[in-house]
Amino acid sequence: MRTHRIAAIPADGIGKEVIPAGLRVLEALAGRDGGFRLDVTEFPWGSDYYRQTGRMMAEDGLETLKGFDAIFFGAVGDQHLPDDITLWGLRLRICQGFDQYANIRPTRVLPGLTSPLREVAPGDIDWVIVRENSEGEYAGHGGRAHRGHPEEIATETAIFTRAGVTRIMRTAFEIAAKRPRKLLTVVTKSNAQKHGMVFWDEIAAEVARDYPSVTWEKELVDAMAARMVRRPRSIDTVVATNLHADILSDLAGAVAGSLGVAPTANLDPSRRFPSMFEPIHGSAFDIAGKGAANPVATFWTAAMMLDHIGEASAAARLMTAVERVCADGVLTADVGGTANTEQVTQAVIAAIRGAN
Ligand code: ATP
Ligand code: MG
C-alpha cells in the first residue's frame with residue numbers, strides 16, 4: 001500500500017477547525033478502498049506556540065518538514081500579533097524556505113453557490129490562476145530618500161530573472177496542457193512597463209515552443225480584470241506576476257462566491273521540497289471557535305494535495321463528494337446556508353462512503 005507522509009499545521013483561528021475536518025475527510029478517502037494510507041504528523045505551530053516559546057515554529061522546523069510529501073496548512077494570523085511575526089514567522093518562512101515559487105489558485109462556481117455576476121451559472125467559470133510567488137513586485141527592492149522633505153522619493157523595483165520567469169511560465173504551460181481547453185492567457189502590462197513586462201512576453205513566446213498543444217495569448221492586466229467580469233467563459237488558465245495575480249485572484253475569488261470555498265497550493269514544481277496546500281482565507285477570528293467556518297476551501301485544498309502526491313482518483317472522488325454536498329444545499333452561512341462545519345464535514349464523509 002502506498003504511504004504518504006503529510007505534515008498538518010492547523011496554526012491559528014479557524015485553521016484549528018478546518019484542518020481537523022480536512023484530515024477526517026482525507027482519512028475517509030484513504031480508508032479501505034483508497035489503496036493508500038496517510039501518515040499524518042500534526043505540528044502545534046502558530047501564534048499560541050509563539051506565546052509559549054517566542055517562535056512561530058520550532059527552530060529546526062524547516063529541517064523537520066523536509067522529509068514530508070506535502071504540508072497541509074490551516075491559517076495564520078492573530079488579533080494581538082503583527083503580521084511581521086505571524087505571517088513571516090511561519091507561512092512565508094515555509095514558502096521561501098522551500099522555494100514554493102508557483103502559487104496555484106483554481107476558481108470555479110461550485111453547484112449550489114451563486115456568483116455575484118448575474119449571468120454566471122455553476123460550471124461557467126473554471127479557471128486556474130498561476131501566480132509567480134518568489135520575485136517580481138514583491139521582491140522588496142527599493143528604498144526611500146529625503147524622508148519628510150518635499151523632494152522625498154520612494155522606489156519599489158520589480159525584479160524579474162530569466163530563471164524565475166521561465167520556471168513559472170513552464171509551470172503554467174504544463175498546467176494548461178493538462179486541462180481540456182489547453183488555453184493559457186499570459187497577463188502583463190507590457191504597453192506601459194517596457195522592461196520586465198516585455199521580458200515576460202518574450203519568455204512566454206520562448207517557452208510556448210515546447211508546448212505546441214497549448215493555445216496561448218497575451219492580455220494586459222487591466223483588460224484582463226474587465227474580461228474576468230464580462231467574458232468569464234473565455235478564460236481557462238492564467239499566468240501573471242506576483243502583484244498582478246494577487247489582485248486578479250481576489251477578483252476571481254469574489255466572482256466564485258466566497259473566500260470560504262477558495263483553495264490554493266504553494267508549489268515547488270521541481271519537487272525538491274514539499275509543497276504546501278492551504279485554504280485562501282485567513283484565521284477569521286470573528287467566527288473562530290464557533291464551529292461556523294466553511295470547510296469547503298480546505299476540502300478542495302486537500303483534493304489538490306492528493307492530486308500532487310499522485311492520488312488523482314481520490315482527489316476526483318473528493319471533489320465529486322464536495323460538489324454533491326454543495327448541490328444538496330448543505331452550506332455554511334457565508335454561502336447562504338444554515339449548516340455548521342461539522343454538518344458539512346459529515347455530509348462530505350457520507351458522500352465519499354456512499355460512492356465507494
Ligand atoms: P487574515 O488576517 O489572516 O487575512 P482575517 O481574519 O482577515 O484573516 P480572512 O480569512 O481574510 O480573515 O476572511 C475575512 C472574513 O471572511 C472573515 O472575517 C470571515 O468572516 C469570512 N471568512 C473567511 N473564511 C471563511 C470560512 N472558511 N468560512 C466562513 N467565513 C469565512
Ligand atoms: Mg484578511
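1. In this predicted model, Arg-271 counts as exposed because 10 other C-beta atoms lie within 10 Å of its own, and a residue with 12 or fewer falls in that class. Arg-271 belongs to the loop between S11 and S12, and its phi is positive, near 65°, although the residue is something other than glycine.

2. His-146 may be read alongside it. This residue sits in the loop between strand S6 (136-145) and strand S7 (153-159), and its phi, again in a residue that is not a glycine, is positive at about 60°. His-146 is likewise exposed, with 10 other C-beta atoms within 10 Å.

3. Helix H4, residues 83-97, deserves a careful look. A straight helix of 15 residues would be expected to span 21 Å at 1.5 Å a residue, whereas H4 covers only 18 Å between its end C-alpha atoms. The helix bends by about 40° at Gly-89, and Gly-89 is itself among the buried residues of H4. After H4 comes Asp-99, which has a positive phi near 50°.

4. Which residues of H4 are buried? They are Thr-86, Gly-89, Leu-90, Arg-91, Ile-94 and Cys-95. The buried residues of this helix pack against both strands and helices: the strands are S1 (2-11), S3 (70-75), S11 (263-267) and S12 (275-279), and the helices are H2 (47-53) and H3 (61-65). S11 and S12, which are thus partners of H4, are also the strands on either side of the loop that holds Arg-271.

5. In soluble globular proteins, nonpolar side chains tend to be buried together. Here the largest nonpolar core holds 103 residues, and the members that touch the most others are Ile-71, Phe-72, Val-130, Val-239 and Leu-318. Helix H9, which runs over residues 296-308, makes the greatest contribution to this core, with nine residues.

6. Val-130 can be followed in more detail. Leaving aside residues up to four places away in sequence, Val-130 is in contact with Ala-102 and Ile-104, with Ile-168, Thr-171, Ala-172 and Ile-175, and with Thr-237, Val-238 and Val-239. One of these contacts, Val-239, is also listed with Val-130 among the core members that touch the most others.

7. Ligand 1 has 17 residues around it, of which Gly-77, Gly-260, His-281, Gly-282 and Asn-294 are the closest. Sorted by class, this shell consists of eight nonpolar, seven polar and two charged residues.

Technical notes: Residues are numbered from 1 along each chain as its sequence is written. Chains are lettered from A and ligands numbered from 1 in the order in which they are written. This is a predicted model: local features need pLDDT of at least 70, side-chain atom pairs count only at pLDDT 80 or more; totals for chains, interfaces and linings use all residues. A residue is near a molecule or strand if its C-beta atom, placed from the backbone, lies within 6 Å of it. Ala, Val, Leu, Ile, Met, Phe, Trp, Tyr, Cys and Pro count as nonpolar, Asp, Glu, Lys and Arg as charged, and the others, Gly among them, as polar. A nonpolar core is a set of buried Ala, Val, Leu, Ile, Met, Phe, Trp, Tyr and Cys residues joined through C-beta atoms within 7 Å. A residue is buried if 20 or more other C-beta atoms lie within 10 Å of its own, exposed if 12 or fewer, and partly exposed in between; C-beta atoms are placed from the backbone. Helices (H or I, at least four residues) and strands (E, at least two) are DSSP runs, numbered from the N terminus. Two residues are in contact if their C-beta atoms, placed from the backbone, lie within 7 Å. The expected span of a helix is 1.5 Å times one less than its number of residues. The bend at a residue is the angle between axes fitted to the seven residues ending there and the seven starting there.
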